[in-house]
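User: I'm new to reading protein models and I'd like a close look at how helices pack against each other in this one. Could you walk me through it slowly?

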Amino acid sequence: MSDTQDNIIQEKPLALNPSPAADQVDLIGLSRQELEAAVIRFGLPKFRAKQIWHWLYHRGVKSIDEMTTLSLRVRDKLAGYCFIGRPSVVNQQLSEDNTRKWLLAIPGGGEVETVFIPERERGALCISSQVGCALSCKFCHTGTQPLLRNLTAADIVGQLMIARDTYGEWPSSRGGRLLSNIVMMGMGEPLLNFDNVAKALKIVMDQEGISISKRRITLSTAGYVPNMKRCGEELNVNLAVSLHAVRNEIRDEIVPLNKKFPIEELLEACRSYPGSHNARRITFEYVMLKGINDSESDARELVRLMRGIPAKINLIPFNAWPGAPFECSSGATINRFSEIINNAGYSAPVRMPRGRDIMAACGQLKSASERAKQKSQEATASSSCGRSSNPYTARAFPINS
Ligand code: SAH
């Protein structure tokens, strides 16, 4: 799995808004209320905010000039005060399975990755919430990168804007969209940047703009319990929980956040997650790590823990990255694990890894500059790791629905 893929498309950074002045406001990422307040500050009537919102998020315009329902005088005035920001695309890669990954430079510094996973008539965009991550989950590539900063609402919405630009999905249509779903499963822990994530998702859900329903949005957390209730109450999006182990001794090791919020507390927060019921189950993610969390007794304990929770379990074959300290469980072990959970009445599909050839699969995201840094460290370090490659073969498993 090399980083130097032939299919990297090097791009010049977008120069849509040639160096906006320091006091100019980025219209992307403002809440509706903030946009109204800004419009009034610019000396325009409040109703202009509604029109601007429509141009930004329904039509996806990239310049104020394109807002043709506004008079030239109004457009000129706006252009003096504000601009329409986009992250710049450093490069994009297209996998042999059509998964696409963008490396985006975030205004103000830092890089994040965004991944689009197409299916037949729909697709999920996997969005990052932070540059790096503070949680250091042992099996996660992003976890080896320190937290550099929280993304702003503009940075988060910007990832979707870039994806929609790429697939030509403007104006927002009612149905038939390729970019139909959002998963907050990229780099970072969304519940540790909740205010910005919430602001961005409210923009994305707004029915007069991008209009992606809360039912098509899933937020994944490693278990930052204090913000789970807020997430349910304020956003009411689908929840995914990265469980990965059924005993605290193991979970403490592989998801260190467990030392603060152990399994019992996490599951209690799941039981009381606002809006969860049978029709809208919580997804538990479980990465299959050979000899660590994949025994039959682990599967039975998982079933016991799920009691009373409307749950489905996603089994994720471990996606290896250079230097990862784990191996993926064997196909037979994963199938047996899945069978035990299925027999107890829970759905437990095995997730087909996507975009592995471009390092876009779950847990492989990492900024290019960090990867380069790591590579040079690896080159100078002794080769004592003795880590073997992932023995798992994707074709052995059914595709998750
Ligand atoms: N911080 C959030 C979201 C980011 S990770 C969270 O922890 O949920 C998205 C999912 O990918 C999580 O379930 C994460 O545990 C899983 N993941 C991370 N590294 C992985 C790897 N190498 N192989 C398979 N899944 C991985």
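Analyst: Here is a tour of three helix pairs, followed by two backbone details and a stop at the ligand. Keep in mind that this is a predicted model.

To start, two packed helices are described by the angle between their axes and the distance between the axes. So each pair below gets those two numbers, and then we can look at who touches whom.

Let's begin with H1 and H2. Helix H1 covers residues 32-41 and helix H2 covers residues 47-59; their axes come within 8 Å and cross at roughly 125 degrees. That angle makes H1 oblique to H2, because angles over 145 degrees would be needed for roughly antiparallel and 65 to 115 for roughly perpendicular. The crossing of H1 over H2 is right-handed. On the H1 side, the contact is made by Arg32, Leu35, Glu36 and Val39, and on the H2 side by Arg48, Ala49, Lys50, Ile52 and Trp53. Sort the residues of this contact by class and you get 5 nonpolar, no polar and 4 charged.

Next up is H5 with H6. Helix H5 runs over residues 194-205 and helix H6 over residues 228-235, and here the axes cross at roughly 20 degrees and come within 11 Å. So H5 is roughly parallel to H6, since the cut-off for that label is under 35 degrees. H5 and H6 also have a right-handed crossing. From H5, Phe194, Asp195, Ala198, Leu201, Lys202 and Met205 reach the partner, where they meet Arg230, Cys231, Glu234 and Leu235 of H6. Their classes come out as 6 nonpolar, no polar and 4 charged.

While you're at H6, look into the loop between H6 and strand S12 (238-242), where you'll find Asn236. Most residues other than glycine have a negative phi, and most peptide bonds are trans. Asn236 has a positive phi, near 55 degrees, and it isn't a glycine. For the peptide bond side of that rule, go to Trp170 and Pro171: the bond from one to the other is cis, with omega near -10 degrees. Pro171 sits in the loop between helix H4 (153-167) and strand S10 (181-184).

The third pair is H9 and H10. Helix H9 (residues 296-305) packs with helix H10 (residues 331-343) at an angle of about 30 degrees, and their axes are 9 Å apart. That makes H9 roughly parallel to H10, and H9 passes H10 in a right-handed crossing. Glu296, Asp298, Ala299, Arg300, Leu302 and Val303 are the H9 residues here, and they meet Arg336, Phe337, Ile340 and Ile341 in H10. By class, this contact of H9 with H10 has 6 nonpolar, no polar and 4 charged residues.

Last stop, the ligand. It's surrounded by 20 residues, and the closest are Phe139, Ser220, Ser242, His244 and Asn319. Phe139 uses its backbone: an N or O atom there lies 2.8 Å from a nitrogen atom of the ligand. His244 uses its side chain instead, with an N or O atom 2.5 Å from an oxygen atom of the ligand. Glu285 also has a polar side-chain atom 3.0 Å from an oxygen atom of the ligand.

Conventions: Residues numbered from 1 in each chain as written. Predicted model: local features only at pLDDT ≥ 70, side-chain atom pairs only at ≥ 80, totals over all residues. Heavy atoms only, no water. Axes fitted to C-alpha atoms, helices over the stretch in contact; angles between N-to-C directions. Helix = DSSP H or I, 4+ residues; strand = E, 2+ residues; numbered from the N terminus. Left-handed = near helix turned anticlockwise from the far one by under 90°. Contact = heavy atoms within 4.5 Å. Nonpolar A, V, L, I, M, F, W, Y, C, P; charged D, E, K, R; others polar. Near = heavy atom within 4 Å. Polar contact = N/O pair within 3.5 Å; in protein donor to acceptor, adjacent residues only side chain to side chain.
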